[in-house]
Amino acid sequence: MNRRLFLKNSTLSAAAFTILPRNVLGGIGYTAPSDQINLGVIGCGAQGGGLSVQFAQRANLIAASDCESRRLQRLQEVVEKETAKAKGQAYKGFKQYADYKELLARKDIDGVIIATPDHWHAIQTIEACRAGKDVYVEKPMSHSIAEGRAMADAVAKYNRVLQVGNMQRSWRTFRHACELVRNGYIGEIKEVKVSVGPPPVKYNLPGQPIPKTLDWEKWIGPAPMNPFNDELIFMERGGFPNWRNYREYGGGMVADWGAHMFDIAQWGLGMDDSGPVEFVPADEKNLIPLTMRYANGTAMTHERSIRKSDSNAVRFIGEDGVIDISRGFLDTIPAKLQDQVIGENEIKLYKSDDHYSDFLNSMKTRKQPLSTVEVGHRTASVCHIVNLCYELDRKLLWNPEKEEFLADNEVNRRRSNPLRESFSLEV
């Protein structure tokens with residue numbers, strides 16, 4: 001073989017080799033380093049721990065941040081255990097950070113999981129987007145209407161992927177219920193009842209000694225400073241703490257569970273880009289619940305319970321039937337709708353069977369995930385306005401397009417929460 005022929009054949013062989021699929025090069029199950037996603041966790045409490053279990057099975061969790069050192073250590077142990085179960089060996093390079101900004105500064109982290117209390121979501125999401133990270137943020141997405149809009153602006157400006165933790169949209173039963181509604185199987189919708197718990201209250205807990213392992217200043221962050229109380233973190237008891245019950249840090253059960261159930265109501269009604277235009281306060285004396293009304297006339301009420309078996313549920317009431325949906329049941333009238341097959345030419349909603357993988361897939365493809373920042377913003381806005389209606393105890397008229405209240409300067413000022421010095425929603 002002469003030199004020219006040798007070089008020609010060598011070049012052809014090399015070209016053929018470079019187009020082999022990655023799984024052939026590395027064997028079955030091989031994932032090329034360029035296809036592996038590195039994630040960091042911000043917020044290592046109960047929800048952060050649960051999300052870490054899920055994501056450790058699907059990606060590389062390589063770092064975490066929290067202002068409570070015991071939680072950081074516990075999360076590292078969870079990640080190493082779950083990584084070993086999923087991949088055969090624990091990840092030994094895991095790093096802990098007391099300051100989440102140090103985590104965001106790492107170039108090898110592709111995205112972050114934000115599972116901090118509600119009052120931190122906006123600031124950390126905006127900073128993550130600015131740092132070039134994609135974001136999985138827990139629900140409710142924001143702690144105020146203005147925060148939600150700023151988060152959406154940041155995602156758009158920095159071209160990031162954001163998935164909100166409204167994972168019920170990735171459950172088959174919730175998707176089926178909404179497809180039944182959207183395709184008219186129970187006729188025109190006259191009313192929707194959303195059953196979740198009460199609104200938040202003003203912080204009123206007595207002060208307690210601050211644990212040495214907790215940086216209370218960092219926990220407070222942009223929110224109003226108040227005395228520490230273990231009700232806010234449950235360090236000794238574990239489980240989900242009660243910060244969400246206090247207005248300064250959360251939105252009560254209206255926002256906590258409402259971020260799930262109002263979300264399903266919005267999805268079923270096709271209102272992901274809008275919301276109710278009127279909010280009328282409850283009349284408890286006459287047993288009239290807080291009532292919302294959409295521009296098309298559909299009414300939605302906030303109920304404490306629509307049936308005894310589940311306090312967190314949604315009921316769609318149509319001219320020709322009823323659909324009750326929660327995590328525990330899907331009941332329909334007529335009953336045959338439970339098994340109704342949605343036809344190829346009918347409305348089919350975004351199908352995801354795994355909320356976490358859906359986020360990771362969007363990180364790779366750069367396509368929008370199931371629960372986008374705009375979806376999360378609209379759902380959270382409903383929750384925020386319901387809470388304002390309870391607090392102010394008067395009718396509120398809302399313009400979803402302009403995102404402002406009509407002829408009410410006081411409540412328009414309440415679209416945002418005051419931030420402590422040095423914090424800003426600037427995108």
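These exercises work through salt bridges and one sheet in a predicted model.

**Exercise 1. Classify the burial of Arg106 and Asp108, two residues joined by a salt bridge.**

Step 1. Start with the contact. The side chains of Arg106 and Asp108 meet with N and O 2.8 Å apart. A salt bridge requires the nitrogen to be within 4 Å of the carboxyl oxygen.

Step 2. Take Arg106. Its relative accessibility is 15%. Buried means under 20%. Arg106 is therefore buried.

Step 3. Take Asp108. Its relative accessible area is 36%, so Asp108 counts as partly exposed.

**Exercise 2. Locate the two partners of the salt bridge between Asp134 and Arg160, and state their burial.**

Step 1. The closest N and O atoms of Asp134 and Arg160 are 3.2 Å apart.

Step 2. Place each residue. Asp134 belongs to strand E5 (residues 134-137). Arg160 sits in the loop between helix H7 (145-157) and strand E6 (162-164). The pair links distant parts of the chain, 26 residues apart.

Step 3. Add the burial. Both Asp134 and Arg160 are buried.

**Exercise 3. Explain which parts of the chain the Glu319 and Lys190 salt bridge ties together.**

Step 1. Glu319 and Lys190 form a salt bridge, with 3.7 Å between the closest N and O atoms.

Step 2. Glu319 lies in the loop between strand E11 (313-318) and strand E12 (322-326). Lys190 lies in strand E7 (residues 189-195). The pair therefore ties together parts 129 residues apart in sequence.

Step 3. Check exposure. Glu319 has a relative accessible area of 51%, so this residue is exposed. Lys190, at 41%, is partly exposed.

**Exercise 4. Go from single pairs to the whole structure: give the number of salt bridges and name the members of a network.**

Step 1. The structure holds 31 salt bridges.

Step 2. Arg149, Glu374, Arg378 and Glu403 are linked in a network of such bridges.

**Exercise 5. Find the edge strands of the nine-stranded open sheet, then describe the pairing of E14 with E15.**

Step 1. Write the strand order: E13-E12-E11-E7-E10-E9-E8-E14-E15. The pairing is mixed.

Step 2. Read off the ends. Strand E13 (330-333) and strand E15 (404-405) stand at the edges. Each has a single partner strand, so one side of each has no neighbour in the sheet.

Step 3. Turn to E15 and its pairing with strand E14 (residues 396-399). The two run antiparallel, over two bridges.

Step 4. Look for residues that face each other. Trp398 stands opposite Phe405 in E15.

Note on methods:
Residues numbered from 1 in each chain as written. Predicted model: local features only at pLDDT ≥ 70, side-chain atom pairs only at ≥ 80, totals over all residues. Heavy atoms only, no water. Buried < 20%, exposed > 50% of the residue type's maximum accessible area, 1.4 Å probe, protein only. Helix = DSSP H or I, 4+ residues; strand = E, 2+ residues; numbered from the N terminus. Pairing = 2+ DSSP bridges.
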